[in-house]
Each structure stands twice: as structure tokens, then as C-alpha cells.
Amino acid sequence: MSVASKAGGPAVSQSARSFGVDWGGVVLNVYIGFFFLYLFFPLAIMVLAAFNANDTPSITDWRGLTLEWFTGRYDENGDLVVRGLPQDDRFLQGLWHSLLIAFGVIAVAVPLGLAGALVLTRLESRGTTFLYTILVSPILTPGIVLGVSTMIFWRDYFSVEAGLLTTMVAHSVFISSYCMLMFMARLQRQDRVQEEAALDLGASPVLVFRRITLPFLMPTIFTASVIAFLQSIENYNTTFFAIGSSWTLVTEIGARLRFGLSPVVNAIGVIFVLFTICAAVLYVLFKQREKRRTIR
Amino acid sequence: MSSLYRTYGSFLTSLFIIMVAVWIVALIALPQINMIERAFIFEPRGGAAIQAQVDVDRIYQRLSTIKYDIAAIKQEAAGGGGPVNPFAPGAKIGESNTIGPAAGTAPGLSQTKDSAKQRIAKLRAEEAELSAKLVRLEEDEERLKAEQEAQKGYSLRNFTTMSSIHFKIFVMTLLYSVCVTLICFVVCYPIAYAVAQTTNKERAALLMLGLIIPYAINELLRIFAWVMILATQGIFNVVLDSMGLLSFADGQGIQWVASNGAVFCVMVYAYILFMVFPIYNTIETLDRNQIEAAKDLGASTWRIHTRVVLPHAKPGIAVGSIMTFMLSAGSIAVPGLVGPGLHPDWFSQVIYRNFFEAGNWNIGSAYSLALLLACMVFVFINMVIFRVGIREIAR
């Protein structure tokens, strides 16, 4: 309480005269402040260290501002002096692997999620809850178990060694479930009258699906693809077990962290952070616009 | 089912059902069943059978070398005459003690032919001897393998042979995960409440942004940020140094990352936001009038939370706890990257070692199954405590 009174004292004194200080609110605000400090301070350190010329990531041992970790540096003879991000082939290759996997996951998970959601929302039977439990169970399974089971399964049954394919499949197992939940949320708001009307007017089922159901689900197909893509790119725990001797961007970052820190990782971190901030701002703006629309 | 069929016809209906079936069978059920099956098959690692196999392999290798040598000598003798190529295949590939001296030095045709005959005879003798030995050894190998097969088969031995160290790690990992979950809940509940109850739109959006950004930043980078803080030359030690609590000059930097406590702290940081969002989502749906009504009727802040907000937030708390627990118990990222190899292993690392270092997949499967079961038990306990169904948990 004493900390709170020091921090919020002068600001609330005016309202205090009229209806008493809302001490609870002050404490809560201070608490929120500390919480956000806790969330952002480590990230700020990481971002700052990417611009330090010191070749072990640090902000306390400052050796001058540099962009070398982003660009690399060549001396006058054209020899590489500082290996920056563009010179790091493994990261670029890893990014390529990640993208391949992520697009594969979208191709598998979105259709599976859609099929699962359609079957579940229209299956009027007692088995629904059981089926539902099975289909969402991957979400409730630890990532490493999914990675392990997929890796062994493909080795034992198809003699496929762990690699990009097994990683793609392991990701699809749980990302399909996420997609399914998104489609189910959308389908619950669906008005089935349109479909029935179209059928009554003689449209074929395939036409109904293509012209009515799919357009209705289009926004969800888009968001589900984005979420699937991000989940796949970001994943580490499942990937680590299913990737075998290959690597993705994230497992490569992990490998670098295990075998000695390098500011190049900080540089990647900065890019990730910038990308995330842009995406998050867009998301929040989009959400707000949607909210306003529904209120109206 | 009838509704599905009525709307989408037989073709699309069967397509959807086939897709779901493939999903369940090929992606979910069979891999798990396969893992469970391996978990219950004990793989004896007897040295004798492996040694026998190695011996047999070695004899096979020697036999093929002999065959090759004989062929080479024959060819050499047939095409012989003239200067003998010092790099004749026989000289290069065969063992030097049997054919080495003859190959390079043979001066004339007849001498070469004689020595070639001798060498072939010698090799044939060796071949016969080895073949006899091979039969014996192969019998041995068969017998040993059969013995092993007999020992194999379904049993609980993968679990019962779990060493006490591994079992302790298992229990500790689960305990740590429960603690992570509890701390996350205590820290996050006020935040989720505050954000959900903010009436000012701009402020709410800003708070939301502040939560989403760290949530969306990659797990590994969040861990890395903390490694920078806790490293021996990291910020934490520098601060302690400047406060005079330790001095770098005397080499007193504390290796924080080498402790399980550091792993624990980083885990809280890495997974805390998985607790915020589910709780936020449920509190957001709570009608503010209920809180106002409780206030007007004279309820204390404590009672408002225990009687109005918390009961409403139950499903969110259940989801948050399950996610946080599952992520911490199954995390290979945090223990693997915070001071790798410096602190005692976590269970996920034990599983990793079984698969990729010891190469004992069945024990690895058994341990994975143990982890899976622990998580299932946790989910079940949560469902009972918070009285929520599976549909409310996975939404």
C-alpha cells in the first residue's frame, strides 16, 4: 500500500476530495505497470543488444552502435569480416524449410479442420462428444509427445526418416484441431436457411457447398490459414523431436542458443519483434473495427 | 449425420467423413497406439547377441575379401606376363601378409604362376576354415536372438526399470509445472480482470496490444532475453556487482543459469501469457452490472471476486491452467536452452536423451507415455475441480 500511495498520491488527490480515493484502482494500476515492465524489459534488452558492436550479446558492455549484425561487413578486399544475417546460409535455408513446412501445414490442416467441423456440427448423435474429444485431444497433448509419436510412427510404418515431412505431419496433428475449433465457432453462427432454400430450388449439393457454405466460411479460412502458418513457423517443442537432421529457422535459433550466443540471433529477434508488433497492431485495429460493426 | 447428408449429398458427405477418418486414424490414433505399443515392449540390450552379430558380420566381410582376392589373382595370372602391375588389385585390397610380398616383386611369368597357385590355395584353406566357423557362429547368433525374442514381448519393464533418478526427475518436473501454473494464475488473475474490466476503449486496446506483442514473440526469443539477463556476465550479475553484493573483479559472477530455479523463473515468464488470455476471455463476458450490484449490496472486494468473478471465470482458469501446465511439463525449449547441460535434467530432456543419445526408443516411448498420462490426469483433475466439460475447455 505504501508503494502505491507514493506512486499514485498526487494524481488522485483531486478525486479523493469528492468521493474517496479508489485505493484498489491505484494498487491495480501500479501492479499493471510492474507487470508490463516485467513483460517488456527482457525483450528491450534483447533488441538493444542487436545494435551493440560487442560480439557476445550484451548491453552492459557497450562497444558502439552498429548495424553489422544485420548487414555483415566486408573489408576493402571484399573478404567477409563480420558474418551478419545475410551471410548466414543456415538461417536462410532454415527459413525456407520453415516456409515449406508452414505451407504444407496450411494445405493439410485447413481442409481437415473444415471437414471435422462440418461433421461435428451436423452429426446429431450421441457419439459427438466422444468424436469431439478425440479431435481436440492433440491440443491437450504435450508438443514433445506429438513430435515423438509422429516420428516413430513414420519410421516404423513407412520407413520415412525424421525430416521436413514428419515435421509437417506432426504440426498438422494439432493445428488441424485449432482450425476445427475456429470453423466450429463460425458454423455455429450459420443460418442454414440459405442452404436449404438453395437445395429446394434445385441446386446440387456441390453447388450449395461451393456457392453458399464456402463463401460464408471464407473469412475463417483466411484467419485459420494465418494462424496455422504462424503456429507452424513458431513451433519449437514438436519440431525439435520431429525434424531429425534437418532444421528450421526456429530450431536453428535454438541450436545457436545452445552452442554459444551470437548477436546475429539478436538481429533475427529484432526482425521477429518488428514483424510481431506490426501484426499485433493490425490485429487489434481489426478487432476493434469488428467490435464497432457488431455494436452498430 | 442425416443433416450433413441432406445438405451436401453423398459425395461431399463421404469425402468429409473420409477426411475425418484419415485424420483420426493416420494422424492421431495410429501414432499414439504405436508409441504405446513400443512403451510396453521391453527391448533387452544383451551384449552377447550383439557381439555374435558383429563377429558374424566380420567373417562375412573377410570371406568376400578372400573371394575378391582369388578372382584378382586368377585374373593377374591369366593376363600375366610382362611387367606386373605393382598396383594390382590383389596387392591393394588383400591383406599384406598373404599376398603382399609376391605381388610387387614377381619377375617372371612362371614364378608368378606358381606363387599365384600357392596364394590361391592358402586363401581357399582360410575360406574353408572361416566357413566352418561361420556356421557355428550363426547358430549361436540365432540362439541368442531367439533368447532375446523370448524375453521381449509385452511387459511393464520399461516403466519398472525406470531408475530412481529418472523417477525423481519426473516427479520434480511435474511439481515445478504445478508451481509454474499456480504462480502464473496468481500473477495473471488481476491483470486479466483489470484488462477485461477497462471501460476506456483506447486504454483497453493499448493494454491488449501490450499483452499480445510479448505473447506472439517467439518462445525462444523470450527465453533468450532471459538467458542474457541471467548469464554469468549478464545484467543481473552486473546489477549485483554495482550494488557491491559481488565483485566481477574477484571472479564472483554467479552462474544463475546452472540452477533449476533459473529454469523455473524463465518458464514462468515464457508461459505466463497462456494463462492471461483464457481468463481474460471469460471475465470479458461477465456483465459489469453483476459486479455493480454486488458492490451496491455491500459486498467487499474479496467477496466480489470469490462469489461473482471467480465462479464466472472458472472455464477460463481451467483452460489457462491446463495450457500452462502442459507447456511447462512438456517444454524442451526452456530447460534445453537455459544453461544447457549445466543444471539437472528435466523430464523432457530425459526423453530426448533416450531417443537421440541412448537410441532406446522403447524406453523413450514409455517416458513419453508417462508424461502424456500425467497431463491427462491434470486435465481430468481440472475438469473435476472447475466442473467444466471438455467442450468448455477446448473452445
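Here is a short back-and-forth about this predicted model.

Reader: What makes Asp191(A) count as exposed?

Author: The cut-off for exposed is 12 or fewer other C-beta atoms within 10 Å. Asp191(A) has 8 such neighbours, so it counts as exposed. As for its place in chain A, Asp191(A) sits in the loop that links helix H7 (164–188) to helix H8 (193–200). Its C-alpha atom is 9.9 Å from that of Phe216(A), a residue 25 positions away along the chain.

Reader: And H7(A), just before that loop: why is it called largely enclosed by the rest of the structure?

Author: Count its buried residues. Buried takes 20 or more other C-beta atoms within 10 Å, and 19 of the 25 residues of H7(A) are buried, so the helix is largely enclosed by the rest of the structure.

Reader: How do you know that the length of H7(A) agrees with what its 25 residues should span?

Author: The expected span is 1.5 Å times one less than the number of residues. For H7(A) that comes to 36 Å, and its end C-alpha atoms are 35 Å apart, which agrees.

Reader: Where is the kink in H7(A) centred?

Author: On Val173(A), with a bend of about 35 degrees.

Reader: How is chain A split into domains?

Author: The domain assignment gives domain 1 (2–82) and domain 2 (89–260). Their centres, taken over C-alpha atoms, are 36 Å apart.

Reader: On to the contact between the chains: how many residues does each one put in?

Author: Chain A brings 78 residues and chain B brings 74. On the chain B side, helix H1 (residues 2–39) gives the most, with 22 residues. By class, that side has 53 nonpolar, 17 polar and four charged residues. For the complex, the predictor gives an ipTM of 0.83 and a pTM of 0.78.

Reader: Which part of chain B has pLDDT below 50?

Author: Chain B has a mean pLDDT of 81, with 85% of its residues at 70 or more. Residues 81–106 are the stretch below 50, although they have 36 contacts in the model beyond near neighbours in sequence. Where pLDDT is low, the predicted coordinates should not be read in detail.

Reader: What is chain B made of, helices or strands?

Author: Helices: chain B has 18 of them and zero strands. Of its 395 residues, 37% are buried. Taking contacts in chain B between residues at least 6 apart in sequence, 76% join residues at least 24 apart.

Terms used:
Residues are numbered from 1 along each chain as its sequence is written. Chains are lettered from A and ligands numbered from 1 in the order in which they are written. This is a predicted model: local features need pLDDT of at least 70, side-chain atom pairs count only at pLDDT 80 or more; totals for chains, interfaces and linings use all residues. Domain bounds come from an automatic or database domain assignment. Helices (H or I, at least four residues) and strands (E, at least two) are DSSP runs, numbered from the N terminus. Two residues are in contact if their C-beta atoms, placed from the backbone, lie within 7 Å. Ala, Val, Leu, Ile, Met, Phe, Trp, Tyr, Cys and Pro count as nonpolar, Asp, Glu, Lys and Arg as charged, and the others, Gly among them, as polar. The bend at a residue is the angle between axes fitted to the seven residues ending there and the seven starting there. pLDDT is the predictor's confidence in each residue, from 0 to 100.
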